[in-house]
Amino acid sequence: MGQIATLDQNIINMIAAGEVIERPANVVKELMENSIDAGATKITVSIEDGGRKLISVADDGSGMEADDLEHAFDSHTTSKIKTSKDLRGISTLGFRGEALASIASVAQVKAVSRTKDSPGANCIEIDCGNKSSVSPCSTDYGTTVQVRDLFYKLPARRKFLKTANTEMGHITEHFTRVALANGNLDMTLIHNGKELYRLSGKQDIRQRIAELFSREISDNLIENESKERGLHIFALLGRPDISRTNNKFQYVFLNGRFIRDKFISHAIKEAYRGSLEPNRYPVIFLFIQMPYEDYDVNVHPTKIEVRFYNANLLHSQILGALREKLLGTNLETQAKFPAATDSARLNRGQKITDAMAEFFKKHKTIQSQQQLIPTPKKQFNVPHLGAEQITKTQTPPQSQKEFLQIQDSFIVAEADDGFVVIDQHALHERIIYEELSRRVRMGKLESQKLLIPESFELTDAVADALKANAKLFEKLGIELAPFGPKTMAVQAFPTLLAGPHFAISRKMETPNVAPLDFVRDLIDLIIDKGTNLDAERLLDEVLNMAACKAAIKAGQKLNDSEIEQLLADREKAEYASRCPHGRPTTIKFSTAELEKQFKRT
Ligand code: ADP
Ligand code: MG
């Protein structure tokens, strides 16, 4: 007799359940999605014991007539598609017709449903695939599905369930995704009789984010909307200050469906390049709307992955929209003061306020001294006046801002509504980086011949790296030539880096970048990263490195005119708030916050 037999339908369902129903959270997700597809405006999710004991999802959607209710729990039954053509433009969250059958094959399920037009409700019970007949019962319109004792006949699966808190964490995550994607829905989440969330469909998305996450997150989002070529993007971009160590706070929704997509993640990462340190991930809520026909959701059983027909276009549109917004936004880091609630915090807050009071006292003294005796700095700032014209009664121009270098590393400067503390190295790095990028974009960097060529050893690896990156060296204006056996020499080097003064900060006596050291480090960088990066990214890394080497260092004393130059360059820089690696260059202390801390308000 043959060995192959057709599986019984219930086993088929249990196998299907294995794909989508791994834990209570998956049940919650499937049931909530059904409620949304049914046009619900209100969803209540009640959980007991992390979903092990009970998962109940109640909605006020379209409901089902008795015969539909009977069929809903059979496998491959759906009202959402009819023919294979419908697969090409799926507008509902579900379409596979498997969720209810799968869930009912591994738990005790009771469903009650009533349509708006029907005089009464109907109910059905299924115990691990054993279905009762539909019977009338009484309830309001909509549908409630209760799932008890998940996996109770599958001890091996049940054993893998984690603690109630862990399972509840997964449930909350799915609840959060649905709540973000459906801002107009009233949604409640209850665990063991305790209400965890009650969200109103009338609140705006930021308020919803504040309730689901925190005020800190919702207060630090930059909004951007763009519509182009059939693609509508609404983004809430987290400021770099609230970035994370992983990408868990990256919420991407495609036509109301939470998805994970490597093209989109890459576009987000690229958009934030330079605004974030490389190992940080942004908080972002990205809502994409595009024609249903432009992608396929029939790729993954849980539909968390989709396939875009034109992923490259999507990538470039998202990247373009987000990057433009980020570059056009002041991402200055705001000084964080502890919220003075408990006594420990109060102490720390007090220390900060004391330190600041001290600072202002000193600062005031410097300012008043300067007002009495004009310093050379003042003369520099009013070049149209001869030094002899500056009298003791001369008041500085209104725009004159005060500054101070502290620890030879930071510049404290007055700002319109408070003051800023600037990391001198980070800011200068950014300024140089922008200038280098600008010049490289226009062609190649201008270079100058070295009086004495500087030689270095040519190993095979170095030779390969040089050959593969000849264009890069040319762009940078670095000329290399053979100099004896197994030896190369640096013949010419970019003027910008070699010159005695860095050109855009003429008055600044920045140390030169030593050509040989630079070339050695450049080759190391190419060998290390060259194969993994495309030409543009590699060039960017190189310019980063050059900027870092050429920039003034922490611990370097600057004179007044150098500081003035730095502050003036800061005004001109396109993106002065972050260094090229994404670290902040500037921390802002606003007057409002100072007044609050000094208890003036
Ligand atoms: P799918 O969602 O893929 O169609 P399901 O097994 O999740 O498959 O549901 C089967 C069918 O049951 C749905 O197509 C829908 O017609 C009906 N249904 C399920 N849940 C609800 C609900 N909450 N309200 C109204 N109809 C529902
Ligand atoms: Mg479904």
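A residue is near a molecule if one of its heavy atoms lies within 4 Å of it. With that in mind, let's start the tour.

**Before you click**

You're looking at a predicted model, where local features need pLDDT of at least 70, side-chain atom pairs count only at pLDDT 80 or more, and totals for chains, interfaces and linings use all residues. Residues are numbered from 1 along each chain as its sequence is written, chains are lettered from A and ligands numbered from 1 in the order in which they are written, and side-chain values use heavy atoms, with hydrogens and water left out.

**Stop 1: ligand 1**

Select ligand 1 and show what surrounds it. There are 19 residues around ligand 1, and N34, T78, S79, K80 and G97 come nearest. Colour this shell by class and you get six nonpolar, nine polar and four charged residues. For the colouring, Ala, Val, Leu, Ile, Met, Phe, Trp, Tyr, Cys and Pro count as nonpolar, Asp, Glu, Lys and Arg as charged, and the others, Gly among them, as polar.

Now pick out some polar contacts (pairs of N or O atoms within 3.5 Å; within protein, one must be able to donate a hydrogen and the other to accept it, and residues adjacent in sequence count only if both atoms are side-chain atoms). Click D59: an N or O atom of its side chain is 2.9 Å from a nitrogen atom of ligand 1. Go on to T143, where a side-chain N or O atom sits 3.3 Å from a ligand nitrogen. At F95, look at the backbone instead, since an N or O atom there lies 3.0 Å from an oxygen atom of ligand 1. On its own, ligand 1 has 530 Å² of accessible area, and the protein covers 91% of that; such areas come from the Shrake-Rupley method with a 1.4 Å probe.

**Stop 2: the largest cavity**

Next, look inside the protein for cavities (sets of points, on a 1 Å grid over the protein atoms alone, where a 1.4 Å probe fits but cannot get out; lining residues have an atom within 4 Å of a point). The structure holds four of 30 Å³ or more, and the largest has about 160 Å³ of space. Volume here is the space filled by probe spheres set on the points, with grid points joined across faces, edges and corners.

Select K29, E33, R177, V178 and F258: of the 15 lining residues, these are the closest to the centre of the largest cavity. Which element gives the most to this lining? That's α6, with four residues. α2 (24-37), α6 (164-181) and β13 (257-259) each supply at least two. Helices (H or I, at least four residues) and strands (E, at least two) are DSSP runs, numbered from the N terminus.

**Stop 3: four loops**

Here, buried means under 20% relative accessible area, exposed over 50%, and partly exposed in between (1.4 Å probe, protein chains only).

- **R280:** find it in the loop between α9 (262-271) and β14 (284-289). R280 is partly exposed at 29%, and its C-alpha is 5.6 Å from that of R244, 36 residues apart along the chain.
- **Q203:** head for the loop between β9 (194-199) and α7 (205-212). Q203 is buried at 11%, and its side chain makes a polar contact of 3.1 Å with the side chain of E211.
- **C128:** this one is in the loop between β4 (121-127) and β5 (130-131), buried at 8%. Its phi is positive, about 45°, although it is not a glycine.
- **K486:** finish in the loop between β22 (479-482) and β23 (487-494). K486 is exposed at 53%, and its positive phi is near 55°.

Most residues other than glycine have a negative phi.

Terms used. 1 Å grid on protein atoms, 1.4 Å probe; cavity = no way out; pocket = protein on both sides within 12 Å on 5 of 7 lines; lining within 4 Å.
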